[in-house]
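Got the viewer open? Good, let's take a walk through this one, one selection at a time.

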Number of protein chains: 2
Amino acid sequence: MKQKRMTKQKAVVYEILCSTDTHPTADWIYEQARKRIPEISLGTVYRNLQVLLEDKKIIELNYGKGQSRFDGNPNPHYHFVCEKCGRIYDFAQDGPWVGEDVLTAAPGMVKSCRFECYGICRDCLD
Amino acid sequence: MKQKRMTKQKAVVYEILCSTDTHPTADWIYEQARKRIPEISLGTVYRNLQVLLEDKKIIELNYGKGQSRFDGNPNPHYHFVCEKCGRIYDFAQDGPWVGEDVLTAAPGMVKSCRFECYGICRDCLD
DNA sequence: TGGATAATAATAACTGATAGCGATAAATTG
DNA sequence: CAATTTATCGCTATCAGTTATTATTATCCA
């Protein structure tokens, strides 16, 4: 297996992602990264996000439209997407989970799940 | 509000989508549609899928990578994605549902949800 | 049936992401 | 510590999927 190196670029990408809970896009990470490594390229950001994904250090969130978003928390957890402001929130990791009965109703062997809610966040409700 | 017309193309796209439970891609629908309207264009398929989505007649399923898939059943239901063969299955609509407790744990007002399981389907397990 | 206009077919343009390339720098070897 | 290997770099071109544009055609209501 190909050995992986920790580079300044990779470290910065990972640090930026871990220092926020906003589930940013690659573009946003790129903008932030340029503040610390002005010559970094968008391709490098994408490449390192891919490597971090392979190492299961981070999670990728796709919402079909637009860009992927990334999450520095690799532990399984649910997300709430505000349809008004677009922000993505985490469900509390110590909150309730989808029941076993739902999983056993699946037409096959379940290896992982994805659960998301869409609606209006508390900020936008006020 | 702009009035919408029912065209041969739109009807065919909808009929094709409703006549299968394979959650096809726009490309597949296009191939099928050409059997009935040889001169139909891919753009028209995409456009009509968009219109049907707006009318909430169908559902779009994105899995990030690759093409979107479409579902002629607009009622809320869960999906199971086989990671081996790529097929997408429906959960039984009379099966168990994600508990209310999970929904009330959301950081906002929930309007819709998405729940998917990934794993190996029964066909591929044999 | 006629006319306004929504929808079409064809094709070009767009977007997010990836691949290829020569250059660079980190690891390894002697 | 120098030489060599090779992973990663920045850059650019490319790709796939989708959407926008445009001239033409078809729908629908009076």
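Among contacts in chain A between residues at least 6 apart in sequence, what percentage join residues at least 24 apart? The figure is 51%, where a contact means that two C-beta atoms, placed from the backbone, lie within 7 Å.

Some housekeeping before you click on: this is a predicted model, in which local features need pLDDT of at least 70 and side-chain atom pairs count only at pLDDT 80 or more, while totals for chains, interfaces and linings use all residues. Residues are numbered from 1 along each chain as its sequence is written, with chains lettered from A and ligands numbered from 1 in the order in which they are written.

**Stop 1: chain A**

Select chain A and colour it by secondary structure. You get 5 helices and 5 strands, running α-α-α-β-β-β-β-α-β-α along the sequence. Those are DSSP runs numbered from the N terminus: helices are H or I with at least four residues, strands are E with at least two. The C-alpha trace spans about 50 × 45 × 25 Å along its principal axes. Of the 126 residues in this chain, 26% count as buried, meaning that 20 or more other C-beta atoms lie within 10 Å of a residue's own; 12 or fewer makes it exposed, anything in between partly exposed, and C-beta atoms are placed from the backbone.

**Stop 2: helix α2(A)**

Now pick residues 26-36 of chain A. The buried residues of this helix are A26(A), I29(A), Y30(A) and A33(A). They sit on the same side of α2(A), because they cover an arc of only 105 degrees around the axis, taken from the directions from the helix axis to the C-beta atoms. An α-helix has 3.6 residues a turn, so residues three or four places apart point the same way. Add α1 and α3 of chain A to the selection, since they are among what covers those buried residues. Spin to the face turned away from the buried side, and you find D27(A) and K35(A) exposed.

**Stop 3: where the chains meet**

Show both chains. Here 38 residues of chain B are in contact with 38 residues of chain A. On the chain B side, β5(B) gives the most, with 14 residues. That side divides into 23 nonpolar, 8 polar and 7 charged residues; Ala, Val, Leu, Ile, Met, Phe, Trp, Tyr, Cys and Pro count as nonpolar, Asp, Glu, Lys and Arg as charged, and the others, Gly among them, as polar.

Zoom in on residues 108-121 of chain A: this β5 strand pairs with β5(B) in the antiparallel sense over 13 bridges, pairing being called when DSSP finds at least two bridges between strands. Try I120(A), whose bridge partner is M109(B), then S112(A), which is matched with Y118(B).

Zoom out and there is an open, mixed sheet of 6 strands, ordered β4(A)-β3(A)-β5(A)-β5(B)-β3(B)-β4(B). β4(A) and β4(B) stand at the edges with a single partner strand each, so one side of each is left without a neighbour in the sheet.

**Stop 4: the DNA**

Finally, select DNA strand D. It is surrounded by 26 residues, where near means a C-beta atom, placed from the backbone, within 6 Å. The closest include Q9(A), T44(A) and S68(B). α3(A) gives the most to this surface, with 4 residues.

Switch to DNA strand C: of the 23 residues around this strand, those that come nearest include S68(A), K4(B) and Q9(B). Here α3(B) gives the most, with 4 residues.
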